[in-house]
Amino acid sequence: ISRYHKKCRIAALRICYLAVFLAAFFLPSFQPVKSVGNNIFTLYINGTEIGKVDDAQQADRLMSAARRRVVGDSNSIVLIEAVSDLVGKEVLRGSTDDEEEMIGRIVEVYENSIKETLKRSYTVKIDEYMVNVGNTDDVISILNASVNKYVPEGTFDISLQSDPEREIPVLVPKIERNEQADDGTDKPHYASDFLSNSGFYGVFDEIVDNAAPEVEVNLDDYKDVDSVDTVSFVNNVEVVQAYLPSRQVTPTSQAIDEVTKDKEQKTIYEVVAGDTLSGIANKTGISIDEIIELNEDIKNVNSIIRIGDEITVTVPQPELSVRYEELKYYEGSYEAPIEYKYNDSWYSTKQVTLQDPSSGYRKAVMKTVYENTKAISTEVVMEEVVAEAIPKIVEKGTKIPPTYIKPLSGGVITSGFGSRTVLFRGMTAYHGAIDWGCRTGTTIFASCGGTVTYAGWMSSYGYCVFINHPDGRQTRYAHLSRVLVGKGQSVSQGQKIGLSGNTGASTGPHLHFEMRQCCSPINPLNAVSR
């Protein structure tokens, strides 16, 4: 130790001198330590500490990775109610947490904060009606169920295609005949096949292309024709993609039931010649009371309806209606259409049969167009007449008939048209008129213009007036207290012809108003317009 002591001291002094020299040389370039700001961050989500990251970009990357794990590969939109907060801090030394562990903690917080999950679904819009289903297969199932309700299953294929006329993505149904549904025989099973084979489509081609001569077709070869050729939807059908909560998506079976089940729906019925309220009720299958309730202009069963009037009725039909053409072979008797000969000098209420009809016999292939179960048109595609039908020929008037009005103001109906049970002296069980109870002396008017054929006293009628009208009808006004017209006099509609009373076989003051056609009484209320 003593040997090297002096050498160690000398070495130490040299080192000190060297350090001082270096310090004196480099000291002017040294700078003081400065603050660089926050250089480490703590991530919080919904108040839960997730871990430490280097910067905001890393935090965003971790949260995106966590969202992808929560949503997964499903075609859903997951609504997560989450608020993130990044708290920074400046440190001289520090480290960030493991990324995989932080992603796991974020996933846990997200799963506990899911507010709602919106699943990809499809909305089927049928006119104004809408139903939501889970996927396009469900849409096809609904459309197939509607078609198969009327057409043999598997006859047609339904697909969805984009509507090129719409700017937004909208799918519309396309219906095509399934060619594999054919059984492979040579006989036509579809209307288009039959029309082609029978030469209906080939006539034009023959003219243009000078094809082979026409081949005679035997209708007996088409006895087995019974098929549906074309199918379409009556309603406007649109399908759009949407993201909806599960509670708004209808199960497939329920959606099919809602779309295909018949429901009472309002429709318009146009009055035709010969219609009555009771007849319309029978045609449409609803009661007269329901017709009155649906139509403000129809006040009661005696309301007048005219040809061309539109009446609101309800008929059972599904949300989605199907139109299809059915081709069938028919063999049997048939009736020729009625032939009318119009007489401009007769009123339209008058018609005479000039020739009675006789049925004919034919073989035919007929095409019928249906909407659901209702046939809307029938066309004979091809026929062979074995025996010609003789048509019914009817001569019919064209002049507008005169109108009839109520023959008094006020009054209460005390006895209607038809049978009655309470009888008095001189009264019959069948009452072929309408009785209006009123005070004696009430003014009685002519219901329609015409010629007076009787005016005076007549047994049970008491004082009465008979008037013949241009359309062949006769009106009778009985039990009057005074007659104001004479036999042979022409009167106009609404003209004063007498005063009501209580004469003849009468139980009290009233007007007996009777209307006859061809000598038989008819209900006056069916003719009176007001």
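Is Lys374 buried or exposed? With a relative accessibility of 59%, Lys374 clears the 50% cut-off and so counts as exposed. Lys374 belongs to strand S17, which covers residues 374-387. Arg323 sits 51 residues away from Lys374 in sequence, yet their C-alpha atoms are 9.5 Å apart in space.

All of this comes from a predicted model, and a word on confidence is in order. The average pLDDT of the chain is 84, and 87% of the residues reach at least 70. Residues 199-215 are another matter: pLDDT stays under 50 there, and the model gives this stretch 11 contacts beyond four places in sequence. Where pLDDT is low, the predicted coordinates should not be read in detail.

As for the overall make-up, the chain holds nine helices and 30 strands. Of its 530 residues, 36% are buried. Among contacts with a separation of 6 or more, 71% join residues that lie 24 or more positions apart.

Helix H2 makes a good starting point for the local picture. H2 runs over residues 56-71, and its 16 residues should span 22 Å at 1.5 Å a residue; the end C-alpha atoms are 23 Å apart, which agrees. Buried in H2 are Gln58, Ala59, Leu62, Met63, Ala65, Ala66 and Val70. These residues cover an arc of only 160° around the axis, so they fall on the same side of H2. The face turned away from that buried side carries Gln57 and Arg68, both exposed. What do the buried residues of H2 pack against? Their partners are strands S1 (40-45), S2 (48-53), S3 (76-80), S4 (84-89) and S5 (114-126), along with helix H3 (99-112). Both ends of H2 have something to show. At its start, a side-chain oxygen of Asp55 comes to within 3.4 Å of the backbone nitrogen of Gln57. Just after H2, Gly72 adopts a positive phi of about 70°.

Positive phi also turns up outside glycine. Most residues other than glycine have a negative phi, which makes two loop residues worth a look. Asn46, in the loop between S1 and S2, has a positive phi near 50°. Its relative accessible area is 35%, so Asn46 is partly exposed. Asp127 lies in the loop between S5 and S6 and has a positive phi near 55°. At 34% relative accessibility, Asp127 likewise counts as partly exposed.

Now for the interior. The largest nonpolar core comprises 26 residues, and those with the most contacts inside it are Val124, Val151, Val231, Phe233 and Tyr324. Two or more residues come from each of S5, strand S6 (129-133), helix H4 (136-148), strand S7 (156-162), strand S9 (226-233), strand S10 (237-245), helix H7 (252-260) and strand S13 (322-334). H4 gives the largest share of this core, five residues. Val151 shows how the core is knitted together in sequence terms: leaving out residues up to four places away, Val151 touches Phe156, Val228, Val231 and Tyr324. Apart from this core lies another, of 22 residues, which includes Ala446, Leu480, Phe513 and Val528.

Helix H7, one of the contributors to the 26-residue core, has Ala255, Val259 and Thr260 as its buried residues. They cover an arc of only 115° around the axis, which puts them on the same side of H7. The buried residues of H7 pack against S5, S6 and H4.

Which residues does Asn372 contact, leaving aside neighbours within four places in sequence? Asn372 is in contact with Tyr150, Gln317, Pro318, Leu320, Ser321, Val322 and Tyr324. One of these, Tyr324, is among the residues with the most contacts inside the largest nonpolar core. Asn372 is found in the loop between strand S16 (360-371) and S17. At 9% relative accessibility, Asn372 falls under the 20% cut-off and therefore counts as buried. Lys374, which is found in S17, is by contrast exposed at 59%.

Key:
Residues numbered from 1 in each chain as written. Predicted model: local features only at pLDDT ≥ 70, side-chain atom pairs only at ≥ 80, totals over all residues. Heavy atoms only, no water. pLDDT = per-residue confidence, 0-100. Contact = heavy atoms within 4.5 Å. Helix = DSSP H or I, 4+ residues; strand = E, 2+ residues; numbered from the N terminus. Expected span 1.5 Å × (residues − 1). Buried < 20%, exposed > 50% of the residue type's maximum accessible area, 1.4 Å probe, protein only. Arc of directions from axis to C-beta. Polar contact = N/O pair within 3.5 Å; in protein donor to acceptor, adjacent residues only side chain to side chain. Core = buried A, V, L, I, M, F, W, Y, C linked by side-chain atoms within 4.5 Å.
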